[in-house]
Amino acid sequence: MLLHNTATGRKDVFLPQDPRRVTMYVCGPTVYSYAHIGNARPAVVFDVLARVLRRRYAGVAYARNITDIDDKINAAAAAEGVDIGVITSRYAAAYHEDLAALGVLAPDFEPRVTAHIPQIVSMIERLILQGHAYVAEAHVLFDVGSYPGYGELSRRDTRELVAGARVEVAPYKKDPGDFVLWKPSGAGLPGWESPWGRGRPGWHIECSAMAEALLGDTIDIHGGGHDLIFPHHENERAQSTCAHGGKTFARFWLHNGFLTMQSEKMSKSLGNVLLVREILKHAPGEAVRLALLTGHYRQPLDWNDEAVADARRKLDRLYGALRDAGAHAGAASATDAPEAFVAALEDDLNTPAALAELFELARALNKSSDPDEKSGLAAKMRSAGALLGVLQQSPQDWFAQTSGSDSDAPGKAEIEALIAQRAEAKKARNFAEADRIRNALKDRGVLIEDSAQGTRWRMAD
Ligand code: AMP
Ligand code: ZN
């Protein structure tokens, strides 16, 4: 398997440290507002990578965090006059709903920063002890001068980095490039007791501390959007490498390109965002997912109505071939995806090439008149689809869906994804989350019923 590694600047052969536990950490959302379609891109891309890794290796430990302490969250809470927990649970729940609709499977771990304050404090203490961090005016700062490897990931020299990132120049910093590990919280701001007084963590330290707690000192793959290379990932790398006596932090760094609109990066600060939930009112989640996978993950992807319409037509063709073959759902498990399809995905997640292979299969299926050959091809298409996270419903359901209407009623795929998430929450004994999903479905007119045979659902009258 080949993966493009930002650290080396080329495609490298990927071999995990331990094939029984391939470790992957992806930076997740800061939950202070609804996710836009740009935020969904890394979630979908790394979901495909997790599926490809799970197919090849015996075990995968995938962590995608939720940033639930941040100054933007504090500002949103203050604006509504509520506790930050009200803001973060609302938008974390919305994020889960959006991703479920896009067929994104739950990661193995979804750590929250507020649940890892002791681990964060412990890592900062170690960095101070080892001379990589210092206390100044109730802040703790990372001393970039103490780590000669600083700047290697983003491959720029420190001076250039500092100028480019408009870092905050503060009188208590030894070097303008030093970044905050811990900062004081005044009255009215969320904070935790620490050896440096009541305060809260800076942004970068959370990922280093949570990756260490869940996945160990050296992880196989670290992912996120291209915008995170500097300063976030450069800083994570500095913190973890220094806290672990020079051990490599991440063996592979993967970064997805930006989603753009009219060639401009989609971002909240530019104000050109399209929310996932708005898009889902007019298009099936599966088509939105496929549209996100039509281009290669490292390239920029320009988003427009035609991109979704095109993905929808593609799915019409693929499901059309399955329908004509009389394919039944569930046939996938017995057959593996075709070699060329898997090879494309294992070549740095080449989804355009993989899709071309999928269309080859559909073409062969349409041509064939031999029933055995047809069902074999259909099973291969389903297995290939399962790696991309598409083609898992019955053709009848795909063609019957009513999306395109502005109703708030969720589609079948979304309902089933949410029910699966609820089952997982119950399995993890997270009954609060299970109830939340049940209630969220009920609010949207879907009633669920548990029985010995599993969970059934129906639309409320
Ligand atoms: P944020 O909540 O802003 O930290 O973003 C969460 C994730 O979405 C990060 O991995 C970002 O790199 C990624 N991201 C944000 N905007 C875009 C975009 N326009 N295109 C692709 N990825 C993005
Ligand atoms: Zn991170």
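Me: Which residue in strand 13 stands opposite threonine 260?
Reply: That's aspartate 302. Before we go on: this is a predicted model, where local features need pLDDT of at least 70, side-chain atom pairs count only at pLDDT 80 or more, and totals for chains, interfaces and linings use all residues. Residues are numbered from 1 along each chain as its sequence is written, chains are lettered from A and ligands numbered from 1 in the order in which they are written, and side-chain values use heavy atoms, leaving out hydrogens and water.

Me: How do you know that strand 11 and strand 13 pair?
Reply: Strands here are DSSP runs (E, at least two residues), numbered from the N terminus, as are helices (H or I, at least four). Two strands pair if DSSP finds at least two bridges between them. Strand 11 (residues 259-261) and strand 13 have 2 bridges, in the parallel sense, so they make the cut.

Me: What makes strand 12 and strand 13 edges of their sheet?
Reply: That open sheet of 3 strands has the order 12-11-13, with mixed pairing. Strand 12 (264-265) and strand 13 (301-302) each have a single partner strand, so one side of each lacks a neighbour in the sheet.

Me: How do you know that strand 5 and strand 6 pair?
Reply: There are 4 bridges joining them, running antiparallel, so the rule of at least two bridges is met. They form a hairpin with 2 residues between them, and glutamate 137 in the turn has a positive phi of about 50 degrees. Tyrosine 134 stands opposite leucine 141 in strand 6.

Me: What makes His139, Val140, Leu141 and Phe142 buried?
Reply: Buried means under 20% relative accessible area, exposed means over 50%, and partly exposed is in between (1.4 Å probe, protein chains only). All four of these residues are buried, so each falls under that 20% limit. His139 and Leu141 point one way from strand 6, while Val140 and Phe142 point the other way. In a regular strand the side chains alternate between the two faces of the sheet.

Me: Why is alanine 340 called partly exposed?
Reply: Its relative accessibility is 37%, which lies between the 20% and 50% limits, so partly exposed is the right name. Alanine 340 lies in helix 11 (residues 339-345). Alanine 340 and glutamate 357 are 17 residues apart in sequence and 7.0 Å apart in space, C-alpha to C-alpha.

Me: Which atoms coordinate the zinc ion (ligand 2)?
Reply: Cys27 (SG), Cys207 (SG), His232 (NE2) and Glu236 (OE) do, at 2.0 to 2.2 Å. Donors are N, O and S atoms within 2.8 Å of the metal (3.2 Å for Na, K and Ca), and water is not among the atoms, so sites may look incomplete.

Me: Why is the site of the zinc ion (ligand 2) called irregular?
Reply: Four donors count as tetrahedral if all angles lie between 85 and 135 degrees; four count as square planar and six as octahedral if opposite donors are over 155 degrees apart and all others between 65 and 115; anything else is irregular. The angles among the 4 donor atoms here are 77 to 129 degrees. The 77 misses the tetrahedral range and 129 doesn't get over 155, so irregular it is.

Me: What makes residues 403-407 a stretch of low confidence?
Reply: pLDDT is the predictor's confidence in each residue, from 0 to 100, and over residues 403-407 it stays under 50. Where pLDDT is low, the predicted coordinates should not be read in detail. For the protein, the mean pLDDT is 92, and 94% of the residues reach 70 or more.

Terms used: Contact = heavy atoms within 4.5 Å.
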